[in-house]
Amino acid sequence: MTTEMPVAPPPNSDAPSVIAASEMKHLSGFDFLTAIAKGELPQPPIATLMDFRLVQVESGKVVFEGQPGPQHYNPIGSVHGGFAATVLDSVMACSVHSTLPAGTGYTTVELKVNFVRAITIETGTVRAESRVIHQGSRIATAEGQLYGADGKLAAHGTTTCLIFAM
């Protein structure tokens with residue numbers, strides 16, 4: 001049995017703003033992320049899609065908050081693990097970004113996530129915290145934890161990021 005799937009609509013002009021790399025490369029990672037946290041620059045499109053936001057920035061430490069909703073549910077009645085993985089990937093990579101000088105970029109090359117508690121709508125607002133473990137000239141590593149509104153750990157992970165000149 002085959003089920004026809006609807007074709008996704010084309011992108012529209014209501015899409016969230018993205019900062020051009022040519023503009024971004026003039027700011028340090030800390031300054032760039034601070035501007036997002038203060039609302040001076042827009043949150044990235046993935047944050048809008050997944051309903052999370054950058055709320056705190058220090059050099060080497062970043063905090064996100066997010067709201068799991070019914071759009072994040074999997075077929076078995078809980079929030080899909082991809083929600084936690086995406087929030088953790090983003091917060092950990094941003095903690096690396098917060099340490100980078102202007103003109104430097106990064107990308108995730110490895111991600112490891114451990115799911116330790118189910119997330120549902122009842123979990124409430126989740127809080128993801130990350131800190132850099134190692135910062136080299138080409139490679140950085142970070143760790144992150146995702147907590148429910150009750151303060152209980154829901155997931156944790158590590159990342160490795162490649163650092164490069166923009």
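Which side chain meets that of Arg 127 in a salt bridge at 3.1 Å, N to O? In this predicted model, the partner is Glu 65. Arg 127 sits in strand S4 (residues 126-135) and Glu 65 in strand S2, so this contact ties together parts of the chain that are 62 residues apart in sequence. Neither end is fully tucked away: Arg 127 comes out as partly exposed, at 28% relative accessibility, and Glu 65 is likewise partly exposed, at 24%.

Arg 127 has another acidic partner to deal with. Its side chain also meets that of Glu 129 in a salt bridge, with 3.0 Å from N to O. Glu 129 is partly exposed too, with a relative accessible area of 23%. A search of the whole structure turns up 3 salt bridges, and the remaining one pairs Glu 143 with Arg 131, where the closest N and O atoms are 2.9 Å apart. This pair links distant parts of the chain, with Glu 143 in strand S5 (residues 139-147) and Arg 131 in strand S4, 12 residues apart. Glu 143 counts as partly exposed at 23% relative accessibility, and Arg 131 as partly exposed at 44%. Through shared partners, Glu 65, Arg 127 and Glu 129 are joined into one network. As a general point, side chains of opposite charge can pair when their charged atoms come close.

Turning to the aromatics, the structure holds 1 aromatic pair. It is made by Phe 52 and Phe 64, which are stacked, with 5.4 Å from centre to centre and 20° between the planes. The stacking angle fits the cut-off, because planes under 30 degrees apart count as stacked. Here again distant parts of the chain are linked: Phe 52 belongs to strand S1 (residues 52-58) and Phe 64 to strand S2 (residues 61-66), 12 residues apart. Both Phe 52 and Phe 64 are buried.

Phe 64 turns up again in the nonpolar interior. The largest nonpolar core has 35 residues, and Phe 64 is among those with the most contacts inside it, along with Leu 33, Leu 54, Val 62, Leu 88, Val 91 and Leu 146. Two or more residues each come from H2, helix H3 (45-50), S1, S2, H4, S4, S5 and strand S6 (153-165). The largest share, 10 residues, is supplied by H4. Leu 146 gives an idea of the surroundings: leaving aside residues up to four places away in sequence, it touches Ala 84, Val 87, Leu 88, Ile 119, Val 126, Arg 127, Ala 128, Lys 152, Leu 153, Ala 154 and Ala 155. Arg 127, then, is in contact with Leu 146 as well as being salt-bridged to Glu 65.

Helix H2 (residues 29-37) deserves a look of its own. Its buried residues are Gly 29, Phe 32, Leu 33, Thr 34, Ala 35 and Ile 36. Their cover includes helix H1 (21-24), S1, S2 and helix H4 (81-97). Among these H2 residues, Thr 34 counts as buried at 18% relative accessibility, and its side chain reaches the backbone oxygen of Phe 30 at 2.7 Å. H2 is followed by Gly 39, which has a positive phi, near 85°.

Terms used. Residues are numbered from 1 along each chain as its sequence is written. This is a predicted model: local features need pLDDT of at least 70, side-chain atom pairs count only at pLDDT 80 or more; totals for chains, interfaces and linings use all residues. Side-chain values use heavy atoms; hydrogens and water are left out. Rings of Phe, Tyr and Trp (its six-membered ring) pair if their centres lie within 6.5 Å; planes under 30 degrees apart count as stacked, over 60 as edge-to-face and the rest as tilted. Helices (H or I, at least four residues) and strands (E, at least two) are DSSP runs, numbered from the N terminus. Buried means under 20% relative accessible area, exposed over 50%, partly exposed in between (1.4 Å probe, protein chains only). A salt bridge is a side-chain nitrogen of Lys or Arg within 4 Å of a carboxyl oxygen of Asp or Glu. Contact means heavy atoms within 4.5 Å. A polar contact is a pair of N or O atoms within 3.5 Å; within protein, one must be able to donate a hydrogen and the other to accept it, and residues adjacent in sequence count only if both atoms are side-chain atoms. A nonpolar core is a set of buried Ala, Val, Leu, Ile, Met, Phe, Trp, Tyr and Cys residues joined through side-chain atoms within 4.5 Å.
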